[in-house]
Amino acid sequence: MSLEDKIRQLPTSPGVYLMRDGKGEIIYVGKARNLRQRVRTYFGATGDGRYHVKFLVAKVVDIEVMLTDTEKEALLLENTLIKQHHPRYNLDLKDDKTYFSLRLDPREEFPRFSIVRKVPRDGARYFGPYSSASAAREVLRQITRMFPLRHYPLKACKARKRPCLYHQIGQCSAPCHGLISAADYAALVEGAALFLEGKGKQLVAEFKRRMAQAAESLRYEEAARWRNLLRSIEVTVEKQKVVMRDGGDSDVVGYFRDGKRLEVALLFIRGGVLIGSRLFSLTWELDDAEGVASFLHQFYGGEAFIPAEILLPLEIEEAGALAELMGEARGKKVIIVRPQRGVKRELVEMAGKNAAAALRERDEATASAEAVLEELRQRLHLARIPQRIECYDISTIQGRHSVGSGVVFSGGRADKARYRRYRIRDVQGQDDFAMMAEVFSRRFREEKVAKEGLPDLVVVDGGIGQLNAALEIVTGLGLAGRFDLVSLAKSRTERDAESATISKSDERVFLPGRKNPVVLRQNSAPLLLLAAIRDEAHRFAIGYHRTLRGKEGVASGIEQIPGIGAKRRTALLKHFGSLQRLKEASVEEIAGVAGMNRAVAATVFAGLHGEDPPND
């Protein structure tokens, strides 16, 4: 049967269609409310005239369909098949960015906020999302300044003989020591929730009422507390720009298309206030509406917060089915709509402008980076444009916890997925040359090179001595001439003894076989790029070294507790990561670690807090 005949005989029911090429590989998976009608749009005489659709159709030699009872089932099946087969022409949303939310469980005794990555349906209240942990921490810091809620697990707080430092600086009301009533603490919790939901006016009115009530009852100290809260809240509320008067939670979608490139912008509105945005740079070769629908399904099919309303710049066929699926995941109704007028339409247009500006800025940044790399090639006489630059650093204190770091910059930008950490295994004592030799031998061993490839340029921190040492290592590995190698010497502070003048020398770049350094213009883009790579390698090494020292602190703290062996010590170390975190944990949290039980957890808790172990 010819492809044309097969299309003519397709059913008109909902389902999924799989397009295969001459090799039998699935190159596109789509879903449809009406399979025959949808597939005909690709192959009809007046079909889609865009070049990329024609290119797809020219490759299709067979179409397979899978029927479903509903359009919602077709969406689910399509998503499953895309994840299974990764077709060439389907959208691939590689969103590895972690979103953070604030969690508040009202069922706890004296609830507190915590920062979490996932938003399960567990009865707690979640606020966000925030695009980074630092953004979430900043919001939490702002909240605790206004609403003095507890910071630590309640059992850890009650185990203390006196309130913590946060109480002393006015950022904790110390419910663990009975310094605030349950009712007043509950009012603080509800106030913080209203603030995060953008209900500032309602919050101010409630706190004014409480202040007046306390003053009338001659409780002047309590009235002063509400007055101070009001002042800090009113200042913050004034800075917030309300964009939607209904005070709801919405995500606004905008996009811009340039050939195969699709830039999507998301604006996050919580409580009527614009709290943040997110950009996605995608490759998409088919219909705009299909691309937006695929984006929505993949993005909200993960762990992203699902708002009550999603505003779109265009109509999508599967809006109803998508809204139904999202509503089931959210536990409440979700509306997907294309606004026609008013503020919501203006927000969609603003999101579209953000997407267009982002694509334009990305093009300009790419062009600028290419120019910088070309200038670097010319000034340092490199064999090729350094599209991939690697830099390595060693961090050690008197030969203890020695580590190496390797950072990668691709196209002039940090490529963090390729960063590597190396714990020095074979070198004892302070021998930086031997440590670097160990790092290089592990990075450039044959199987690693086959898997990850070679860089265009390797940067070494230091002067001509460090460069010659690195060159000796590279030559010994049989890699001489396979990539360029340079060293970057930090600027030095020099003092003229006669005039007492302090001056700073330029940063210098050393090349193999050349005694005198290349002095790039200070603050020039090529030099700033090299310095950024070197500093990033140093930061990454120091961070790893600090982590290992912190783990040693946990281990030594646990070792002092009788009855805790190596296995349990390792389990506690992996779970909590720092001694401070372990000290803040409750007995139940410690007991939840693999290999622990409640009796041992109680012993650990007592040992960490200077108490006598419990009697059996």
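**A friendly note on aromatic rings and the overall fold**

1. Let's start with one residue: Phe280 is buried, with a relative accessible area of 4%. That value falls under the 20% cut-off, so the word "buried" applies. Please keep in mind throughout that this is a predicted model.

2. What surrounds the ring of Phe280? One answer is a charged neighbour: Arg278 lies over the face of Phe280, 4.6 Å from the ring centre. Phe280 also belongs to an aromatic cluster, which it forms together with Phe295, Phe299 and Tyr300.

3. How many aromatic pairs does the structure hold? The count is 14. One of them joins Phe280 and Phe299: their ring centres are 5.5 Å apart and their planes meet at 75°, so this pair is edge-to-face. An angle over 60 degrees is what earns that name. Phe280 comes from strand β9 (residues 273–283) and Phe299 from helix α11 (residues 288–300), so the pair ties together parts 19 residues apart in sequence.

4. Is Phe299 buried or exposed? With a relative accessibility of 6%, Phe299 counts as buried. A further pair to look at is Tyr419 with Phe540, where the ring centres are 5.1 Å apart and the planes stand at 65°, so this pair is edge-to-face. Here Tyr419 sits in the loop between β14 (413–414) and β15 (420–423), while Phe540 is in helix α17 (residues 525–559), so the pair ties together parts that are 121 residues apart in sequence.

5. The two partners of that pair are worth checking for burial. Tyr419 is buried, at a relative accessible area of 8%. Phe540 counts as buried too, at 12% relative accessibility.

6. If you would like another charge over a ring, go to Arg88: its charged end sits over the ring of Tyr89, 4.7 Å from the centre of that ring.

7. Now step back to the whole protein chain. You will find 21 helices and 20 strands in the protein chain. Of its 616 residues, 45% count as buried. The surface that the chain exposes comes to about 32,100 Å², and carbon and sulfur atoms supply 49% of it.

8. How much of the contact pattern joins residues at least 24 apart? Taking contacts between residues at least 6 apart in sequence, 60% join residues at least 24 apart. The pair of Tyr419 and Phe540 makes a handy example of such a separation to trace on the model, with its parts 121 residues apart in sequence.

Methods
Residues numbered from 1 in each chain as written. Predicted model: local features only at pLDDT ≥ 70, side-chain atom pairs only at ≥ 80, totals over all residues. Heavy atoms only, no water. Helix = DSSP H or I, 4+ residues; strand = E, 2+ residues; numbered from the N terminus. Buried < 20%, exposed > 50% of the residue type's maximum accessible area, 1.4 Å probe, protein only. Contact = heavy atoms within 4.5 Å. Areas by Shrake-Rupley, 256 points an atom, 1.4 Å probe, with all protein chains shown as cover. Phe/Tyr/Trp six-rings, centres within 6.5 Å; stacked < 30°, edge-to-face > 60°. Lys NZ or Arg CZ within 6 Å of the ring centre and 35° of its normal.
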